[in-house]
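Please look over the two chains shown here, with attention to how they meet and how one relates to the other. A short briefing accompanies them.

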There are 2 protein chains.
Amino acid sequence: MHTHLAASSVLSHRARASQSSVIRELLKLTEQPGILSLAGGLPNVDLLPAGKITEVAEAVLSASASSALQYSPTEGLGDLRSAVATRYQCDVGEVRITTGSQQGLDLIGRVCLDPGDVAVVEAPSYLGALQAFGACGAEIVAVEGDQDGLRTGSLGSQLAAGLRPKLVYVVSNFANPTGSTLSWERRVELATLADRYGFLIVEDDPYGEIRWSGEALAPMRTLTENCVTLGSASKILAPGLRVGWCIGPSWCLDAMTRLKQATDLHTSSLDQSILCGLLDDRVFVDGHVAKVIARYRGQAAIFSTALRELLGDQVSFADPQGGMFLWLTALDGSGSTRIFEAALSNRVAVVPGTAFGSGARCEQSVRVCFATLNEADLLTAAQRLAQAWPQSRP
Amino acid sequence: MHTHLAASSVLSHRARASQSSVIRELLKLTEQPGILSLAGGLPNVDLLPAGKITEVAEAVLSASASSALQYSPTEGLGDLRSAVATRYQCDVGEVRITTGSQQGLDLIGRVCLDPGDVAVVEAPSYLGALQAFGACGAEIVAVEGDQDGLRTGSLGSQLAAGLRPKLVYVVSNFANPTGSTLSWERRVELATLADRYGFLIVEDDPYGEIRWSGEALAPMRTLTENCVTLGSASKILAPGLRVGWCIGPSWCLDAMTRLKQATDLHTSSLDQSILCGLLDDRVFVDGHVAKVIARYRGQAAIFSTALRELLGDQVSFADPQGGMFLWLTALDGSGSTRIFEAALSNRVAVVPGTAFGSGARCEQSVRVCFATLNEADLLTAAQRLAQAWPQSRP
């Protein structure tokens, strides 16, 4: 006779705590047929370099099948680590490969955060980071941000008043969800605070290369050794490959590697070999990134022009200098969840700001991604959003 | 001015606890040039189906680049879940894809085990499971096993005496490290105990298809619903793809999927698409598995014959009916670590039994893998091991 376990008898506290996610349930609705989705952070499929990847895959499988298909070192294939070190100007010893940069967040969280430890994030922040740090039982303290990123002055005051985080998480360029870039002055101040108070800066930078105006700022890791920078092939090449990297001090990276061994042994050897083949062709990668930049710049211009024409003074947002997102803030009292719901009834999907944190900045805003849809669909989506907006007023 | 963090100021208790691993340091020695390694659990590179994978990769990248290179669902590609369900005779709703079955162990551990919870393993057991459950802060209770797998009678007594594990972990077929297969009687008894005491059976089965004699036994999941079975493409196709799967009840799998989203978002879309293409070609996969079986059967026969001739009554081991491992137990008082060291000085690498647990069964044994090396190297390795053995006597 079979007795079925009650889930509650075996599930850990962590698993039980994560059982209901309103956001996750909401976002499932955005995948219905007929919906134009601005909700995902998905690259435009036209920009996935399938031809080049096919060519590189054939080359690595014929030249070194045993390294592309066999078990490989937990820290990542040596050739790929070298290719990353070359492109991002660091020492190969500072590089470890992860299964997407999401795994970097999971591993950093687990090697730094004991239950109850404090992790500081910007309000609002990337949902995947909140999930990863939350799964460690960390207390997540959100410090307000603005168009120049995390308010380091506010963080400084809280540190002076006794806040002692183990880590501070920032998406330094074209942040998810707000699109804002941490200013140079704040980078310097954040680095100084890390050195003074002894916390680790986790600098997540998947969008930094997708810049079409303004000056690129040096990564935080050049300002302090108390920093791990996460990079990813997902936004510039292909997210399906699931390859990311961490650049940082060995005391942290070595602990991450030990844990990674218990987590997935290593990142796909085939995907690493393919990425290595792509990065080794510098002319291709630079050309492809230029193509991504040109495409998203064009899409951003068309979409934001349409929104300004159609929504006028009902909404506020900054003209993007790069990345994939606009952060639309209602000036007419519309609430985040109501905009989401009204948009969905008009067959366009956005992400309510409340998915990324709490507070006024989240409750009056939604995130839209201009990268995924082509121009014609972006225009239709802007029209649907403009129809929806008045329906979301209080 | 830079201040470097002391690792101890930021690392979590978990990370600090894992800083020194004697085993990991020892095993690095086995990778030196000139060493014939029987230490890894690596498939023979001749059996990695590079040609077929190239063909399938081209096909999926040309037919559906957007699904092979784009973000994909956390639970796994629907077509791959269906292919797994078909091959392993279960419902598609019972299948989730993981980044190798090592990730299955990590996720199951984290959704079931709070710090201090009990996880039962067989003594000795797979090192990666010990690491994954240990990383959750679980108390790992090792129950003695023998040539028929975990001693369920002993487990039953301990349960009757009050032991209350959240999960019991077994490698049900041709176990790593002992090569033993859980007998039918013990499968039935273990299922009964799971139903009675309310724990989850974690059945890890990467080797089950590699059987060349004896009768295949039904998986534990057919005997109780309180079971998650982990499968893997690593041993029958290619470990570098890093694709595994879990088959089990939705209360557990859904919790794993929620956690997986924070862990790596999803498993490589490209690797999943390739595996799906391989599994869809049933004739190819069955033929390839037959080739793996024939090859390992031959290698096992040659290697074990050589060992019996050269080491005679100094060592005891069972003739394998499948899998990749022999568990060599010293009959002459030689200790596990001393055999390892003597073997290494004779340029052959084995894994000391103490890597897999404690107790007499581990302290007098070493694990050797007959899958990796070709026949000539296996004979040389057997000779080197035979030279080393007398040097390891107390």
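The notes below cover the symmetry, the interface and one sheet.

This is a predicted model, in which local features need pLDDT of at least 70 and side-chain atom pairs count only at pLDDT 80 or more, while totals for chains, interfaces and linings use all residues. Residues are numbered from 1 along each chain as its sequence is written, and chains are lettered from A and ligands numbered from 1 in the order in which they are written.

**Symmetry**
- A turn of 180° with a shift of 0.0 Å along the axis lays chain A on chain B with an RMSD of 0.0 Å (least-squares superposition on the C-alpha atoms of residues with pLDDT of at least 70 in both copies).
- This is the relation of a two-fold axis, and the same surface serves both copies, with 100% of the contact residues of chain A recurring in chain B.

**Interface**
- Contact joins 70 residues of chain A to 70 residues of chain B, where contact means that C-beta atoms, placed from the backbone, lie within 7 Å.
- Among the helices of chain A that each supply at least two residues to the side touching chain B are H4 (50–63), H7 (100–112) and H11 (250–263); helices are DSSP runs (H or I) of at least four residues and strands (E) of at least two, numbered from the N terminus.

**Sheet in chain B**
- Four strands of chain B form an open sheet in the order E10-E11-E14-E13, with antiparallel pairing, where pairing requires at least two DSSP bridges between two strands.
- Strands E10 (315–316) and E13 (351–352) of chain B stand at the edges with a single partner strand each, so one side of each is left without a neighbour in the sheet.
- E13(B) pairs with E14(B) (residues 365–369) in the antiparallel sense over two bridges, and B:Val351 stands opposite B:Arg367 in E14(B).

Conventions: Contact = placed C-beta atoms within 7 Å.
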